[in-house]
There are 4 protein chains.
Amino acid sequence: MQKYVLCIEGKDARGLIYHVTGVLYRNRCNIIDQDEYVTPDDYFYMRTEFESTRKIDHESLLTEFRNALSHTDVKLRFSAKKKKDVVLCVTKEHHCLAELLTRFSFNELEANVVAVVSNYDILEPFVQKFNIPFHTVSHEGLTREKHEEAVMEVIDMYKPDLLVLAKYMRILSPEFVDHYQHKIINIHHSFLPAFIGANPYRQAYERGVKIIGATAHFVNNELDQGPIIAQDVTFVDHKFLASDMSRVGKDVEKMVLIKGLKLVLADRVFIHDNRTIIL
Amino acid sequence: MQKYVLCIEGKDARGLIYHVTGVLYRNRCNIIDQDEYVTPDDYFYMRTEFESTRKIDHESLLTEFRNALSHTDVKLRFSAKKKKDVVLCVTKEHHCLAELLTRFSFNELEANVVAVVSNYDILEPFVQKFNIPFHTVSHEGLTREKHEEAVMEVIDMYKPDLLVLAKYMRILSPEFVDHYQHKIINIHHSFLPAFIGANPYRQAYERGVKIIGATAHFVNNELDQGPIIAQDVTFVDHKFLASDMSRVGKDVEKMVLIKGLKLVLADRVFIHDNRTIIL
Amino acid sequence: MQKYVLCIEGKDARGLIYHVTGVLYRNRCNIIDQDEYVTPDDYFYMRTEFESTRKIDHESLLTEFRNALSHTDVKLRFSAKKKKDVVLCVTKEHHCLAELLTRFSFNELEANVVAVVSNYDILEPFVQKFNIPFHTVSHEGLTREKHEEAVMEVIDMYKPDLLVLAKYMRILSPEFVDHYQHKIINIHHSFLPAFIGANPYRQAYERGVKIIGATAHFVNNELDQGPIIAQDVTFVDHKFLASDMSRVGKDVEKMVLIKGLKLVLADRVFIHDNRTIIL
Amino acid sequence: MQKYVLCIEGKDARGLIYHVTGVLYRNRCNIIDQDEYVTPDDYFYMRTEFESTRKIDHESLLTEFRNALSHTDVKLRFSAKKKKDVVLCVTKEHHCLAELLTRFSFNELEANVVAVVSNYDILEPFVQKFNIPFHTVSHEGLTREKHEEAVMEVIDMYKPDLLVLAKYMRILSPEFVDHYQHKIINIHHSFLPAFIGANPYRQAYERGVKIIGATAHFVNNELDQGPIIAQDVTFVDHKFLASDMSRVGKDVEKMVLIKGLKLVLADRVFIHDNRTIIL
């Protein structure tokens with residue numbers, strides 16, 4: 001049976017759950033998974049996954065939802081569950097890339113990896129094993145603006161639903177970020193907000209921390225400040241040099257990126273102010 | 001504003017959420033926290049916490065809920081949120097007891113600790129610091145049956161909502177367990193189902209595990225087999241003797257017991273077959 | 001049998017372990033626990049715990065160690081294992097205090113809690129349960145300087161080996177810190193270096209992190225910048241308001257403080273630059 | 001500079017560290033990493049990693065070590081650090097295999113993966129991406145004895161230092177295990193000793209645990225009873241069906257296998273009774 005996902009967000013109002021579940025009840029739909037949350041400043045978020053025993057007319061059901069919520073101030077997204085197209089951006093490090101391609105190749109992600117873009121060609125041989133297009137767009141001799149234009153041109157050929165920065169070590173301009181608003185996921189190699197910016201493992205070593213981590217987040221126009229989707233950590237001790245922290249940190253990075261990506265692919269992540277709500 | 005908790009469980013049916021939220025909508029109640037789950041074998045569980053801007057007539061609201069669900073096969077519990085009365089049973093170890101009494105004395109639990117019962121008097125001086133009645137019911141010279149009768153007599157004076165076995169090192173008879181059905185929480189000093197029975201840290205040491213844990217569970221009539229509420233673990237290495245495992249394990253035990261107890265006190269724990277559903 | 005701890009630190013040189021273990025071998029001492037570490041910039045740290053089958057003459061053994069290491073540039077500390085005297089400083093929050101007093105009262109720490117000092121009297125009734133002197137030194141109407149002088153006067157009556165800031169919410173002056181150099185342990189309610197300064201849980205909420213933590217560290221003259229001894233974390237989600245983060249964070253705080261304190265009490269913590277080496 | 005590893009184990013005796021470090025001191029070797037442990041029943045284990053500024057004559061240094069320890073009852077292993085040859089055994093699941101091959105192909109392991117052996121050909125296309133020999137040895141129509149003989153014949157062509165069962169779903173006979181004594185590492189998909197045997201995730205689901213895990217262990221002649229090298233866990237809740245537990249459990253499995261394997265490759269794992277000591 002086809003499954004559907006309905007996402008609602010907006011100003012809270014009494015009866016939102018009642019009105020939405022009423023539409024589903026009258027249309028003989030089964031709720032598979034539902035979760036909702038109201039923020040302290042009274043915004044309502046709800047994700048409802050359901051299936052129907054009958055064929056659903058998408059437009060008429062959408063109209064029913066809209067009518068049921070017409071007296072409220074909420075927005076809704078409604079679609080059949082399906083795989084999303086993803087472009088990966090990488091630089092030289094392989095660990096996140098390899099994790100993503102392996103899972104994609106064994107059908108473990110609700111995604112199609114449609115292309116890999118890099119500013120170096122180092123990872124091309126590995127990507128070729130998986131028969132995925134690899135585009136090297138070198139930044140050598142280009143202004144940031146020109147390089148980003150070239151990268152965007154490649155990416156836009158694939159019209160991806162999501163862009164995953166799988167250790168893409170370039171700072172993005174506001175123009176680039178705006179071009180893919182709420183569609184860029186980054187993995188940062190620290191437990192944000194600790195160690196923003198370059199060389200977080202070097203910073204962590206200098207500070208003598210006993211735990212290091214990684215953060216998957218949406219990219220916005222402030223460096224390493226976008227809404228956090230997932231984080232995890234691992235313990236280190238005084239024997240870990242910065243290079244050792246980097247080595248074990250990569251294991252955390254790739255697992256956190258996968259965790260965050262899966263949540264986004266399942267339409268479970270909502271953004272409220274600079275925080276994520278995960279339903 | 002007074003808060004209320006409504007718990008529903010039973011055979012799944014289309015529209016359960018819709019019917020319940022309809023009652024709340026018509027009575028101008030605000031849902032604060034709602035969660036629901038349907039098991040693979042189609043049992044529906046829902047916990048709804050709500051408040052009302054108006055004074056609620058408990059009986060009439062209960063009737064409305066019953067009417068709204070009359071065509072279904074579900075049971076409901078409905079009550080105002082309030083503190084539960086708890087009796088603690090201990091033997092000689094203090095760590096869980098101290099954690100519970102400290103939190104109770106600083107008002108961190110939705111519970112009143114009304115009495116402590118023990119088969120030894122070792123912990124009496126500590127309990128007296130907190131001005132809580134302490135009852136020593138020695139098992140010396142008594143059959144299990146007679147001892148349990150004496151313990152039950154003491155406990156029943158307090159008519160507790162819950163019995164917490166905070167390292168009570170006696171195996172309970174089916175009669176005792178039945179007397180307090182679904183009301184007894186135990187902390188077991190292992191990551192169940194590993195190391196059932198006596199001396200789990202000794203067993204863990206012999207097996208050479210690298211992780212030890214603790215389990216808060218409801219007590220039923222099979223030793224260490226009741227529904228699990230909460231678990232946690234901590235890492236050990238080859239330097240840990242059984243006594244070291246016991247020492248660090250106690251930290252896990254007390255925190256897991258608190259975690260499990262808080263969930264039960266908040267009416268968040270449902271039992272399905274031998275598993276808990278936590279909403 | 002009496003146990004001894006020998007701590008060595010200084011410029012690395014070939015044969016340090018050999019020379020030290022030679023003294024122990026010739027004096028028929030049994031090494032119980034030994035660990036050593038050399039930093040990337042060639043400083044050597046070693047902790048050796050040993051016992052002797054014969055009565056040890058402390059001075060003559062110390063002389064032997066010194067002679068064996070006379071050609072090197074290392075310092076050594078050598079003493080019989082014994083409990084340390086600890087003064088606790090608190091303000092209004094009880095969770096770390098209660099954890100410390102409970103463990104002390106049940107003899108779980110290698111420490112004597114000789115006094116509690118606070119700038120409020122709120123926690124006095126609780127401390128009295130444990131028959132430990134409680135000193136209220138209010139900061140009301142006093143300059144920071146005068147208040148600290150009064151606090152130091154109280155503390156110095158007890159000549160403590162260690163000062164534990166168990167949620168003491170006052171920023172300390174360089175004079176105070178210097179007065180107790182390397183003897184002050186603080187628990188900070190965040191995963192440092194994230195959220196330095198005031199209201200870390202509020203900061204964590206605003207940033208939307210998915211993990212919160214706590215840090216036990218030595219106090220130096222930069223706020224929240226001293227050498228980190230121990231850290232731990234716990235997971236949170238979007239449902240956690242700042243107050244909820246504070247509540248669960250306290251559980252992490254008290255356990256991390258105990259962990260860090262135990263390491264210091266066992267003479268396992270060395271300071272190199274701004275990092276700790278834990279042997 | 002070439003690095004060396006010296007491993008010593010045997011009956012404890014006074015001066016063992018002293019005698020060994022004396023040899024290194026006289027031969028102008030630098031200790032890079034040393035750790036030692038004495039069991040409660042007085043067995044001594046030590047791992048010393050060192051380098052020399054001069055060319056080392058392996059045989060003469062070995063003789064010196066033997067002479068220095070001749071009055072004791074310990075065994076020693078001494079070798080230059082080098083990559084070990086590893087054969088992987090798999091069945092149908094790819095997650096551990098992919099993790100191992102990715103790391104091997106990017107030179108992250110101190111190992112050469114010299115071949116993959118399977119009782120199915122399902123994973124052959126994936127292994128071919130990495131240009132590693134893949135041998136299908138079907139068990140169809142063969143007795144266990146005949147099948148194992150065929151498998152051993154293939155494995156023995158490669159004379160591996162280690163055999164890694166990366167989800168090889170066949171129970172091994174004592175003959176097979178003895179043939180590769182202390183050389184077989186297995187990943188078990190549960191937190192042993194919980195859920196020994198088949199379908200551990202099904203067992204975990206039935207028992208309603210809140211944590212699942214994985215265990216890397218040496219294989220001996222009792223099913224899932226060999227010495228444990230590494231374990232880790234992950235949290236689950238009531239929403240996880242057995243299939244969901246299996247899915248997230250695989251992430252734990254592959255990371256635990258890597259962790260355990262790295263320890264073995266670095267000669268850090270000693271076996272004492274049925275426990276491992278990790279130095």
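In this predicted model, chain A can be laid on chain C by a turn of 180° and a shift of 0.0 Å along the axis, with an RMSD of 0.0 Å. This relation is that of a two-fold axis. Within chain A, the C-alpha nearest this axis belongs to Ala194(A), which lies 2.3 Å from it. The two copies meet through the same surface, because 100% of the interface residues of chain A are also interface residues in chain C.

The contact between these two chains draws 33 residues from chain A and 33 residues from chain C. Together, chain A and chain C bury about 3,000 Å², and 60% of that area is on carbon and sulfur atoms. No salt bridges are counted between chain A and chain C. Polar contacts do occur there, with a count of 18 residue pairs between chain A and chain C, both residues of each pair being at pLDDT 80 or more. On the side of chain A that touches chain C, the elements giving two or more residues are the helix α7 (200-207) and the strands β11 (228-235) and β13 (275-278) of chain A. Of these, β11(A) gives the most, with seven residues. Sorted by class, this side of chain A comprises 19 nonpolar, seven polar and seven charged residues.

A further interface joins chain B and chain A. Chain B can be laid on chain A with an RMSD of 0.0 Å, again by a turn of 180° with a shift of 0.0 Å along the axis. In chain B, the C-alpha nearest that axis is the one of Tyr18(B), at 2.6 Å. Here too the same surface serves both copies, as 100% of the contact residues of chain B recur in chain A.

The contact of chain B with chain A takes 16 residues from chain B and 16 residues from chain A. The area buried between chain B and chain A is about 1,500 Å², and carbon and sulfur atoms give 55% of it. Three residues of chain B, namely Arg14(B), Tyr18(B) and Tyr25(B), lose the most area to chain A and together make up 50% of what that side buries. Tyr18(B) is thus named twice, as its C-alpha is also the one nearest the axis in chain B. Between chain B and chain A the count of salt bridges is zero. Four residue pairs are in polar contact across the interface of chain B and chain A, with both residues at pLDDT 80 or more. The side of chain B that touches chain A receives two or more residues from each of the elements α1 (16-26) and β2 (29-38) of chain B. The largest share of this side comes from α1(B), which gives seven residues. By class, the side of chain B that touches chain A holds five nonpolar, six polar and five charged residues.

Turning to the single chain, chain A has eight helices and 13 strands. The radius of gyration of chain A is 21 Å, close to the 19 Å that the globule rule gives for 279 residues, so chain A is as compact as a globular protein of that length. The C-alpha trace of chain A spans about 60 × 40 × 35 Å along its principal axes.

Definitions and conventions:
Residues are numbered from 1 along each chain as its sequence is written. Chains are lettered from A and ligands numbered from 1 in the order in which they are written. This is a predicted model: local features need pLDDT of at least 70, side-chain atom pairs count only at pLDDT 80 or more; totals for chains, interfaces and linings use all residues. Side-chain values use heavy atoms; hydrogens and water are left out. Copies are superposed by least squares on the C-alpha atoms of residues with pLDDT of at least 70 in both. Contact means heavy atoms within 4.5 Å. Buried area is the accessible area (1.4 Å probe) that two parts lose on being put together, summed over both. A salt bridge is a side-chain nitrogen of Lys or Arg within 4 Å of a carboxyl oxygen of Asp or Glu. A polar contact is a pair of N or O atoms within 3.5 Å; within protein, one must be able to donate a hydrogen and the other to accept it, and residues adjacent in sequence count only if both atoms are side-chain atoms. Helices (H or I, at least four residues) and strands (E, at least two) are DSSP runs, numbered from the N terminus. Ala, Val, Leu, Ile, Met, Phe, Trp, Tyr, Cys and Pro count as nonpolar, Asp, Glu, Lys and Arg as charged, and the others, Gly among them, as polar. The radius of gyration is taken over C-alpha atoms; the globule rule is 2.2 Å times the number of residues to the power 0.38.
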